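The following text walks through one protein model, from its overall make-up to individual residues. Please keep the sequence and the coordinates at hand while reading.

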Amino acid sequence: MVGFLSGEELVVTLAPVAVYWAYAGMYEAVLAHTTVLDRYRLHSRRDEETKNIASRKDVVRGVLLQQAIQAAISVAVLKIEGHAAGGGRAASPPAPSEPFLVVAARFGVAMLVLDAWQYLMHRLMHSVPYMYRRFHSWHHRVAAPYAYAAQYGHPVDGVLTETLSGAAAYLASGMSPRAAAAFFAFATVKGVDDHCGVAAPWNPLHAAFRNNAAYHDVHHQRGGGRRNFSQPFFVVWDRMLGTHAPYELRQRDGGGLEVRAFNKGQTTR
């Protein structure tokens with residue numbers, strides 16, 4: 001495999017998988033063995049047992065299948081892009097590092113492309129009954145989200161929404177494989193964090209992005225399937241296209257937090 005893939009291509013392909021399980025595993029370990037995050041949990045352990053249709057074993061199998069497909073498509077995109085460029089970014093010797101502002105601009109383009117694609121495809125999955133019933137409903141079998149269920153879903157949904165959006169972001173931004181590895185690792189962390197089921201106020205990702213675990217929890221709630229489609233970074237598409245739902249966090253009876261969504265026209269107190 002190393003002979004088939006360059007070192008950078010290998011990192012682009014495998015880094016998101018490694019980061020996914022490491023970061024999700026951190027959440028699972030802390031929640032399972034300590035009470036540090038219990039006051040910030042959006043769902044009780046009982047909720048996870050009673051509200052979620054998919055078992056944890058099903059989730060693990062589904063995520064591993066999705067990641068295998070994602071890795072295969074990533075390799076194909078890297079090879080095709082490199083061949084089309086006559087050796088291109090992926091196959092040529094490492095180029096001099098780009099200035100920080102250039103790399104940052106490429107990150108920004110990639111974030112915008114990824115968000116736009118995922119919003120539109122996510123909304124389409126909910127708007128076409130067949131697509132929701134056949135594909136996207138798998139993801140909503142986890143009504144009380146937890147960290148390593150972030151990428152759980154039907155493989156077709158995963159390819160159309162997650163994998164192809166990543167390929168589009170990579171190609172549109174023009175970033176190098178090395179930068180792409182960092183970008184996709186970051187996007188993976190953000191996706192896991194959005195599904196972690198914990199709204200800790202000191203979490204820097206929750207502070208930096210309005211699209212966070214509480215925001216996405218609205219979408220997973222009963223009746224929330226037509227609101228808060230945006231993922232994983234910004235909320236701009238929901239705001240522009242009329243699908244944004246405000247919410248408030250409040251103390252849940254029995255401990256922890258709960259997300260209360262508001263209908264259009266309502267405001268938080």
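The description starts with the whole chain and then turns to helix pairs, an enclosed helix and a loop.

The model is predicted. Its secondary structure consists of 11 helices and two strands. In sequence order the pattern is α-α-α-α-α-α-α-α-α-α-α-β-β, with the two strands after the helices. The protein has 269 residues, and 50% of them are buried. Taking the contacts between residues at least 6 apart in sequence, 67% join residues at least 24 apart.

An unreviewed UniProt entry lists residues 20-38 as "transmembrane region". In the model this span is 74% helix and 0% strand, and the C-alpha atoms at its ends are 22 Å apart.

Helix 1 covers residues 7-33 and packs against helix 8. The angle between the two is about 20°, and their axes are 8 Å apart. An angle under 35 degrees counts as roughly parallel, and helix 1 and helix 8 are therefore roughly parallel to each other. The crossing of helix 1 past helix 8 is right-handed. From helix 1 the contact takes in Glu8, Val11, Val12, Pro16, Val19, Tyr20, Tyr23, Ala24 and Tyr27. Helix 8 contributes Pro177, Arg178, Ala180, Ala181, Phe184, Ala185, Thr188, Val189, Val192 and Asp193. By class, the residues of this contact comprise 15 nonpolar, one polar and three charged.

Two residues of helix 8 that take part in this contact, Arg178 and Phe184, can be examined individually. Is Arg178 buried or exposed? Its relative accessibility is 51%, so Arg178 counts as exposed. The C-alpha atom of Arg178 is 8.1 Å from that of Glu9, although the two residues are 169 apart in sequence. Phe184, also placed in helix 8, is buried, with a relative accessible area of 15%. The cut-off for burial is under 20%, which means that Phe184 falls in the buried class. Apart from neighbours within four places in sequence, Phe184 touches Pro16, Gly166 and Tyr170. The C-alpha atoms of Phe184 and Thr13 are 9.3 Å apart, with their positions 171 residues apart along the chain.

A second helix pair is formed by helix 5 (residues 100-127) and helix 7 (residues 155-173). Their packing angle is about 155°, and their axes are 8 Å apart. How are these two helices oriented, roughly parallel or roughly antiparallel? Angles over 145 degrees count as roughly antiparallel, and helix 5 and helix 7 are therefore roughly antiparallel to each other. Helix 5 passes helix 7 in a crossing that is right-handed. On the helix 5 side, the contact is made by Arg106, Val109, Ala110, Val113, Leu114, Trp117, Gln118, Met121 and Met125. On the helix 7 side are Asp157, Leu160, Thr161, Glu162, Leu164, Ser165, Gly166, Ala168, Ala169, Ala172 and Ser173. The residues of this contact divide into 12 nonpolar, five polar and three charged.

Met125 belongs to helix 5. Its relative accessible area is 0%, so Met125 is buried. Beyond neighbours within four places in sequence, Met125 is in contact with Met131, Tyr132, Phe135, His136, Asp157, Leu160 and Thr161. Among these, Asp157, Leu160 and Thr161 also appear in the contact of helix 7 with helix 5. His136 is 11 residues from Met125 along the chain, and their C-alpha atoms are separated by 6.1 Å.

What encloses helix 10 (213-220)? Eight of its eight residues are buried, so helix 10 is largely enclosed by the rest of the structure. These residues are Ala213, Ala214, Tyr215, His216, Asp217, Val218, His219 and His220. They pack against helix 5, helix 8 (177-194), helix 9 (204-208), helix 11, strand 1 (247-251) and strand 2 (257-261). Helix 5 and helix 8, each part of a pair described above, are thus among the packing partners of helix 10.

The loop between helix 10 and helix 11 (236-240) contains Pro232 and also Asn228. Gln231 and Pro232 are joined by a cis peptide bond, with omega about -5°. Asn228 is a residue other than glycine with a positive phi, near 55°. The relative accessibility of Asn228 is 0%, so Asn228 counts as buried.

Terms used: Residues are numbered from 1 along each chain as its sequence is written. This is a predicted model: local features need pLDDT of at least 70, side-chain atom pairs count only at pLDDT 80 or more; totals for chains, interfaces and linings use all residues. Side-chain values use heavy atoms; hydrogens and water are left out. Helices (H or I, at least four residues) and strands (E, at least two) are DSSP runs, numbered from the N terminus. Buried means under 20% relative accessible area, exposed over 50%, partly exposed in between (1.4 Å probe, protein chains only). Axes are lines fitted to C-alpha atoms, for helices over the stretch in contact, and angles run from 0 to 180 degrees between N-to-C directions. Angles under 35 degrees count as roughly parallel, over 145 as roughly antiparallel, 65 to 115 as roughly perpendicular and the rest as oblique. A crossing is left-handed if the near helix is turned anticlockwise from the far one by less than a right angle, and right-handed if clockwise. Contact means heavy atoms within 4.5 Å. Ala, Val, Leu, Ile, Met, Phe, Trp, Tyr, Cys and Pro count as nonpolar, Asp, Glu, Lys and Arg as charged, and the others, Gly among them, as polar. UniProt positions are given in the numbering used here, feature names are shortened, and annotations may be inferred rather than shown by experiment.
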